[in-house]
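Hi,

Here is the structure I said I would pass on. Have a look at it first, and my notes follow underneath.

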Amino acid sequence: MTANNESRIAITLGDPSGIGPEIVAMTLAAQPAMCGRVMVFGDRAALSRGAACAGVKLPDIDVCDPALLSVATIDSEAPLGQPTPAGARAQVSYLRHAIDHIRAGAIDALCTAPISKTQAEAGGLGYPGHTDFLAHELWADPVAMMFVGPSLKVALATVHIPLSEVAARLTVDRIADVVALVARFLAHQLGVADPRIGVLGLNPHAGESGLLGKDEIEVIAPAIAVARARLGGAAHVVGPLVPDAAFRDARWQGDA
């Protein structure tokens, strides 16, 4: 924790050949007041190049630099827009160093810039993405990926698998777990009183009463019932909703 007891935030740079260093540099330049709470995990050379590309000046910032890429070597070993083995190893190293700090209690929250999944796999990450890796390394279960915007919050029941495998991975327990996670997040992290959660169907027209698929009848509707029972009235859960129509504000005015 910081001296004033504020949360300490880790930011990993992601793929040094990608847009991560630029995004991080622009964010830090735009929010200098938060920099005392931030530790960046990544090569300082990559962060400095990102700042130069973005045309911003970096404030004073704490950087955990693994010294894998230097000012002299970065353009040849990790050129912009060209994923490389050196960049693959670097982006995995950034994540692993951040995880070590989290486990030691030195970091309270983690923000990750984009990785190249293909290169991260080549660099030894061992998982198809951040979500899977962090869940394993931090012993978190269940977990869910969630996209949070000003008017729409969307959580996923499956991540990083081929579309052909989605139906088989959707189970009553998995869907109910995600709904419960979303309800807690909305209530405790976002301060939403009596959260309203819409659960989407899988098939066109939410299966059309089984005509276009039975996943809604056999899995999703039972999962909603289980989630309601678990939450005990702590959230209003509806569905299965027609997937495409649910994203129109006129049809669904829920919280997630």
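The lining of the second largest pocket splits into 21 nonpolar residues, three polar ones and one charged one. This is a predicted model, by the way, so please read everything below in that light. The pocket in question, the second largest, has a volume of about 610 Å³. It is lined by 25 residues, and Ala155, Leu156, Ala157, Val199 and Leu200 are the ones closest to its centre. Strand 6 (153–155), helix 8 and strand 7 (196–200) are the elements that give two or more residues to that lining.

Now for the largest pocket, whose volume comes out at about 940 Å³. There are 26 residues lining the largest pocket, and the closest to the centre are Thr131, Leu134, Ala144, Met145 and Met146. At least two lining residues come from each of strand 4 (109–112), helix 6 (130–137), strand 5 (146–148) and helix 8 (172–189). By class, the lining of the largest pocket has 18 nonpolar, six polar and two charged residues.

Strand 4 turns up again in the sheet. That sheet is open, with four strands in the order 3-2-1-4 and parallel pairing. Strand 3 (62–64) and strand 4 are at the edges, each pairing on one side only. From one strand to the next, the twist averages 25 degrees. Strand 4 pairs with strand 1 (residues 9–12) in the parallel sense, over four bridges. If you want a spot to zoom in on, Thr12 stands opposite Thr112 in strand 4.

On to helix packing. How do helix 1 and helix 2 cross? The axes of helix 1 (residues 20–30) and helix 2 (residues 44–54) come within 7 Å, and the crossing angle is roughly 75 degrees. Helix 1 is therefore roughly perpendicular to helix 2. The contact of helix 1 with helix 2 has nine nonpolar residues, one polar and one charged. On the helix 1 side you will find Pro21, Glu22, Val24, Ala25 and Met26, which meet Ala46, Leu47, Gly50, Ala51, Cys53 and Ala54 in helix 2.

One last residue to click on is Arg89, which sits in helix 4 (residues 85–103). Leaving aside residues up to four places away in sequence, Arg89 touches Leu68 and Gly123. Arg89 and Gly124 are 35 residues apart in sequence, yet their C-alpha atoms are 7.4 Å apart in space.

Cheers

Note on methods. Residues numbered from 1 in each chain as written. Predicted model: local features only at pLDDT ≥ 70, side-chain atom pairs only at ≥ 80, totals over all residues. Heavy atoms only, no water. Contact = heavy atoms within 4.5 Å. Axes fitted to C-alpha atoms, helices over the stretch in contact; angles between N-to-C directions. Parallel < 35°, antiparallel > 145°, perpendicular 65-115°, else oblique. Nonpolar A, V, L, I, M, F, W, Y, C, P; charged D, E, K, R; others polar. 1 Å grid on protein atoms, 1.4 Å probe; cavity = no way out; pocket = protein on both sides within 12 Å on 5 of 7 lines; lining within 4 Å. Points joined across faces, edges and corners; volume = space filled by probe spheres on them. Pairing = 2+ DSSP bridges.
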